[in-house]
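Please open the model in your viewer and keep the sequence beside it, since this tour moves from one selection to the next. At each stop, make the selection and then compare the description with the picture on your screen.

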Amino acid sequence: FVRTCRDLAQFWGFIKYEKGSYAERRDLTCSSFAPLLDHLEGKASRPSDASISDGLKSFDADGVHAVWAKALERRESDPEGAITSARTLLETVCKHVLDEAGVAYEKGRTDLPDLYRLVAKELNLAPDQHTQDVFKQILGGVTSVVHGLGAMRNRLGDAHGQGKKPVRPAARHAQLAVNLAGTVALFVIETWTAKSETRNPQPPR
């Protein structure tokens, strides 16, 4: 009714048959508007959502950001779908970077860890490309996150069928997967952007 009833007469035509008492009608009205109000007040978002959204939008509004938006939307209502979208986000970003860099990969047959390995090598993000222990440790952690997200999608996402006793992820698992994927994707994008600007500096105005 939030979407279809445009005036009080239309709403009354709906509610009088839906609930019998005024108390029940009040409860239904409040619960139906709660998700919309929470969204408008920002209660459904997380501190990292806006910064990651801005970074992904500036990279490719039609492709990468659309996958990110889908992952955000599914976190609470569809954890399995959100986990799958999180993995798709990283795959999409990696392919965009490789395409723009002119690095060949086998389309349709290259797994996420292999795609990220190529991206890391191209952007100097592979742990073995650094000598400082702190960078090796951090970049090794990023690689582990990518591998983990790929495995998490295979185990908990909705891209593959499950057996008689399926494992169901909770919203917090989807939240973790989406946040990690968004952070890594933004890191890759910003590194690629910085490298591109160094390679092709803008002339002074």
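Begin with Glu91, which, when its neighbours within four places in sequence are left aside, is in contact with Leu112 and Leu115. Bear in mind throughout that this is a predicted model. Glu91 is found in helix 5, which covers residues 79-101, and its relative accessibility is 17%, so that Glu91 counts as buried, the limit being under 20%.

Keep Glu91 selected and add Arg87 and Lys95, because these three residues are linked in a network of salt bridges. Side chains of opposite charge can pair when their charged atoms come close. The side chains of Arg87 and Glu91 meet with N and O 2.0 Å apart, and both of these residues are buried. They both lie in helix 5, four residues apart, which is about one turn of the helix. On to the other partner: the closest N and O atoms of Glu91 and Lys95 are 2.9 Å apart, and these two residues, also in helix 5, are likewise four residues apart, or about one helical turn. Lys95 is partly exposed, with a relative accessible area of 22%.

Next, select helix 6, residues 112-122, and colour its buried residues, which are Leu112, Leu115, Tyr116, Val119 and Ala120. If you look down the axis of helix 6, these buried residues fall within an arc of 135 degrees, so they line one face of the helix. Leu112 and Leu115 are the two residues that you have already met as contacts of Glu91. Just beyond, helix 6 is followed by Asn124, whose phi is positive, near 60 degrees.

Stay with helix 6 for one more selection, Glu122, and add Lys195: the two form a salt bridge in which the closest N and O atoms are 3.2 Å apart. This pair links distant parts of the chain, for Lys195 is in helix 8 (residues 171-199) and Glu122 is in helix 6, 73 residues apart. Lys195 is partly exposed at a relative accessible area of 26%, and Glu122 counts as partly exposed too, at 23%.

Now move to the beginning of the chain and select Phe1, Phe11, Phe14 and Phe33, which ring pairs link into a cluster. How many aromatic pairs are there? The count comes to three. One of them is the pair of Phe1 and Phe11, which is tilted, with 5.1 Å from centre to centre and 55 degrees between the planes. Phe1 lies in the segment before helix 1 (8-18) and Phe11 lies in helix 1, so the pair ties together parts that are ten residues apart in sequence. Phe11 itself is partly exposed, with a relative accessible area of 22%.

From there, select Leu28 in helix 2, residues 22-40. Not counting residues up to four places away in sequence, Leu28 touches Phe14, Ile15, Glu18 and Lys19. The C-alpha atoms of Leu28 and Glu18, ten residues apart along the chain, are separated by 9.2 Å.

For two further stops, look at charged side chains beside rings: Arg25 lies over the face of Tyr22, at 5.1 Å from the ring centre, and Lys107 lies over the face of Tyr105, at 4.6 Å from the ring centre.

Finally, show the whole chain, in which there are eight helices and zero strands. Buried residues make up 34% of its 205 residues.

Definitions and conventions. Residues numbered from 1 in each chain as written. Predicted model: local features only at pLDDT ≥ 70, side-chain atom pairs only at ≥ 80, totals over all residues. Heavy atoms only, no water. Buried < 20%, exposed > 50% of the residue type's maximum accessible area, 1.4 Å probe, protein only. Arc of directions from axis to C-beta. Contact = heavy atoms within 4.5 Å. Phe/Tyr/Trp six-rings, centres within 6.5 Å; stacked < 30°, edge-to-face > 60°. Lys NZ or Arg CZ within 6 Å of the ring centre and 35° of its normal. Salt bridge = Lys/Arg side-chain N within 4 Å of Asp/Glu carboxyl O.
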